[in-house]
Amino acid sequence: MTATAPASRPGTVPVDLAGPQPVLDVVIPVYNEEADLEPCIRRLHAHLAEHVSYPYRITIADNASTDATLPVAERLSREFPEVAVHHLDEKGRGRALNAVWQASDAAVLAYMDVDLSTDLAALGPLVAPLLSGHSDLAIGSRLARGARVVRGPKREFISRCYNLILRSTLAAKFSDAQCGFKAIRADVARELLPHVEDTGWFFDTELLVLAQRAGLRIHEVPVDWVDDPNSSVNIIKTATADLKGIARVTRATFTGEIPISRLREQLGRQPIGVEAPGVPPRLVTQLVRFAAIGVSSTLAYLVLFLLLRTVVGAQPANFAALLVTAIGNTALNRRLTFGIRGRAGAGRHQFEGLLVFGLGLALTSGSLALLHGSTTPGLVLEITVLVLANLAATVLRFLLLRGWVFNPRRQAATQKEF
């Protein structure tokens with residue numbers, strides 16, 4: 001009996017460029033754009049015809065326009081075989097993208113605004129990592145290094161504030177949520193889109209946050225972007241809707257309404273699974289390991305302190321217990337928390353660890369001195385004060401170990417010397 005190979009995770013298999021169906025479907029969502037639509041489609045079609053060697057489609061998504069946008073779109077579809085029209089009876093950019101993307105038979109789905117504010121030269125770099133299976137989504141970024149942007153200070157300020165809000169409230173790692181220049185793998189989109197609720201301008205942000213939390217790879221392309229001074233976007237209305245969307249996504253994440261765990265299991269890229277000597281773990285991993293070592297060190301410290309206190313007194317017992325646990329703490333953090341192997345720099349690390357220990361000693365000893373100077377404490381109060389002082393010393397120790405003693409730059413310099 002022949003074993004079957006496990007199915008590949010969506011988004012990772014390279015796209016077949018020779019198939020009969022379109023490889024790329026570029027959607028242009030429009031509402032009352034009778035003047036700008038034809039120049040946009042002609043320019044985009046000319047660009048794709050010149051630079052793309054695989055089958056493509058341009059889909060005009062008409063959002064219930066009340067002017068001549070739909071007749072213009074239908075005329076263009078008759079002129080160009082690669083142009084299609086999808087009409088919706090309701091407004092909403094998110095609604096249009098969701099509907100067209102879910103109905104498309106293309107392998108890669110993209111969209112851009114009808115004003116073509118983004119230079120089309122970025123379309124190739126946007127789509128390439130999705131075709132190869134390297135990335136799941138790709139976004140044009142006006143805030144990434146290398147981007148060139150022409151727009152007024154008001155829009156620049158609003159854009160940067162919005163992305164700052166996303167980073168602080170939703171822990172967003174992408175740099176530009178609202179640039180109208182994005183692409184996604186269709187196999188990934190089929191899994192994510194049913195969970196994206198917004199039908200307006202927040203659609204982009206919600207999709208990206210969901211993708212990030214599901215463990216997908218988001219590729220950013222710095223773009224050349226020129227602001228359209230005639231844009232009909234209502235900034236105040238859009239900003240209000242975005243803030244409501246942030247609150248809704250935050251609530252849905254906490255309540256489990258959005259099945260992040262299942263999506264991560266189904267779509268997320270697996271950890272690399274390699275521990276390279278000399279390469280420090282990520283911050284979250286460092287904090288977890290440091291905390292575990294800190295708890296163990298604190299327990300060992302308390303045991304030593306209680307054993308020595310009745311023999312030599314509180315202050316000497318505190319000094320001895322801290323000294324022993326500090327040496328062990330530095331050695332364990334060096335190897336487990338900060339991923340440093342070998343003997344190179346070990347002596348310096350222990351010496352600097354003892355200096356950090358000295359600051360912890362000053363905190364705990366100072367706390368004891370203040371306590372005994374103001375009252376005659378019992379054992380419970382004495383231990384409570386020491387535990388609190390040790391917690392403060394622990395925070396200080398982590399910051400100093402990470403930023404000074406085991407700083408990756410210093411470690412790299414040390415390795416070059418040996």
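A cavity, as the word is used here, is a set of grid points among the protein atoms where a 1.4 Å probe fits but cannot get out. Rolling a probe the size of a water molecule over the atoms shows where empty space is left. In this predicted model, the largest cavity holds about 100 Å³ of space. The structure has four cavities of 30 Å³ or more.

What lines the largest cavity? The residues around it are G294, S297, T298, Y301, L322, T325, A326, N329, N390, T394 and R397. Helix 10 (283-312), helix 11 (314-337) and helix 13 are the elements that each give two or more residues to this lining. Sorted by class, the lining comes out as seven polar residues, three nonpolar ones and one charged one.

Helix 10 also carries L304. This leucine counts as partly exposed because its relative accessible area is 27%. From L304 to N318 the C-alpha distance is 8.5 Å, with their positions 14 residues apart in sequence.

Helix 13 spans residues 379-405, and W404 sits in it. Together with F351 and L355, W404 makes up a nonpolar patch on the surface, and the three share about 300 Å² of accessible area. W404 has a relative accessibility of 32%, so this tryptophan is classed as partly exposed.

Next come the charged pairs. Side chains of opposite charge can pair when their charged atoms come close. Over the whole structure, 17 salt bridges turn up. In one of them, R93 and D204 join through their side chains, with 2.7 Å from N to O. The two partners come from distant parts of the chain, 111 residues apart: R93 belongs to helix 3 (residues 93-103) and D204 to helix 7 (residues 203-213). Both R93 and D204 are buried.

A salt bridge also forms between the side chains of R269 and D136, at 3.0 Å from N to O. Here both partners sit in loops, D136 between helix 4 (123-132) and strand 5 (137-141), and R269 between helix 9 (260-267) and helix 10, so the bridge ties together parts that lie 133 residues apart in sequence. Are these two partners buried or partly exposed? D136 has a relative accessibility of 0% and therefore counts as buried, whereas R269, with a relative accessible area of 25%, is partly exposed.

A pairing within a single helix is seen for R348 and E352, whose side chains meet in a salt bridge of 3.2 Å, N to O. Why are these two separated by about one helical turn? They are four residues apart in helix 12 (residues 346-374), and that spacing is why. R348 is partly exposed at 26% relative accessible area, while E352 is buried at 6%. Elsewhere, salt bridges with shared partners connect E38, R42, R75 and E79 into one network.

Another contact between separate stretches of the chain involves L193, which is found in the loop between helix 6 (186-192) and helix 7. At just 1% relative accessibility, L193 is counted as buried. Its C-alpha atom is 9.3 Å from that of A99, although L193 and A99 are 94 residues apart along the chain.

Finally, a look at the backbone. N32 is not a glycine, yet its phi is positive, at about 55°. This asparagine is placed in the loop between strand 1 (24-30) and helix 1 (37-51). Its relative accessible area of 27% makes N32 partly exposed. A171 is another residue other than glycine with a positive phi, near 55°. Where does A171 lie? A171 is in the loop that runs between helix 5 (153-169) and strand 7 (181-185). With 47% relative accessible area, A171 is partly exposed, since that label covers values between 20% and 50%.

Notes: Residues numbered from 1 in each chain as written. Predicted model: local features only at pLDDT ≥ 70, side-chain atom pairs only at ≥ 80, totals over all residues. Heavy atoms only, no water. Patch = residues over 30% accessible without salt bridge, like charges linked within 9 Å, V, L, I, M, F, W, Y side chains within 5 Å. Areas by Shrake-Rupley, 256 points an atom, 1.4 Å probe, with all protein chains shown as cover. Salt bridge = Lys/Arg side-chain N within 4 Å of Asp/Glu carboxyl O. Buried < 20%, exposed > 50% of the residue type's maximum accessible area, 1.4 Å probe, protein only. 1 Å grid on protein atoms, 1.4 Å probe; cavity = no way out; pocket = protein on both sides within 12 Å on 5 of 7 lines; lining within 4 Å. Points joined across faces, edges and corners; volume = space filled by probe spheres on them. Nonpolar A, V, L, I, M, F, W, Y, C, P; charged D, E, K, R; others polar.
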